[in-house]
Amino acid sequence: MELKRRAQKFAVDVIKFIESLPSGRSLNVLANQILRSSTSVGANYRAACKGKSTADFINKIVICEEEADESIYWFDLMEEAGLVSSSIIAPLKKEANELTAIFTAIGKTAKENQRIKNSKK
């Protein structure tokens, strides 16, 4: 439950961040990309929790990991292009990094558990 809440809060925080940005051609494109990737993290985690099999769960967790990492990429682009200040996006990048690490660890554990289960058959 805590991770569901955390992923949803990340999405809400990103939505608020995006809504606070000025309009500009490049910024709008990057904002749309980060909005998609950041909101996808929580949606895919919810789907993983309802997975029909271990393989389905692992697949969705890997997507969570990829989307959280992609969010970092878009934050980095905004920062490196000078479109937003580092101090403004630092907390969002920190959370995206932490979520990436969490989903990476969950995925590794699930894959290892599946491998052990399959080797016992």
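**Exercise 1. Work out the fold pattern of the protein.**

Reading along the sequence, you get α-α-α-α. Now count the elements: there are 4 helices and 0 strands. Here helices (H or I, at least four residues) and strands (E, at least two) are DSSP runs, numbered from the N terminus. Keep in mind that you're looking at a predicted model, where local features need pLDDT of at least 70, side-chain atom pairs count only at pLDDT 80 or more, and totals for chains, interfaces and linings use all residues. Residues are numbered from 1 along each chain as its sequence is written, and side-chain values use heavy atoms, with hydrogens and water left out.

**Exercise 2. Find the overall dimensions and the buried share.**

Start with the C-alpha trace: along its principal axes, it spans about 55 × 25 × 25 Å. Next, take the 121 residues: 35% of them count as buried. Buried means under 20% relative accessible area, exposed means over 50%, and partly exposed lies in between (1.4 Å probe, protein chains only).

**Exercise 3. Why does a search of the whole structure find 0 disulfides?**

Step one: recall the rule. A disulfide is a pair of cysteine sulfur atoms within 2.5 Å.

Step two: check Cys49. Its closest cysteine sulfur is in Cys64, 8.3 Å away, so that's too far for a bond.

Step three: turn it around. From Cys64, the closest cysteine sulfur is the one in Cys49, again at 8.3 Å and too far for a bond.

Step four: compare their surroundings. Cys49 is partly exposed, with a relative accessible area of 37%, whereas Cys64 is buried at 0%.
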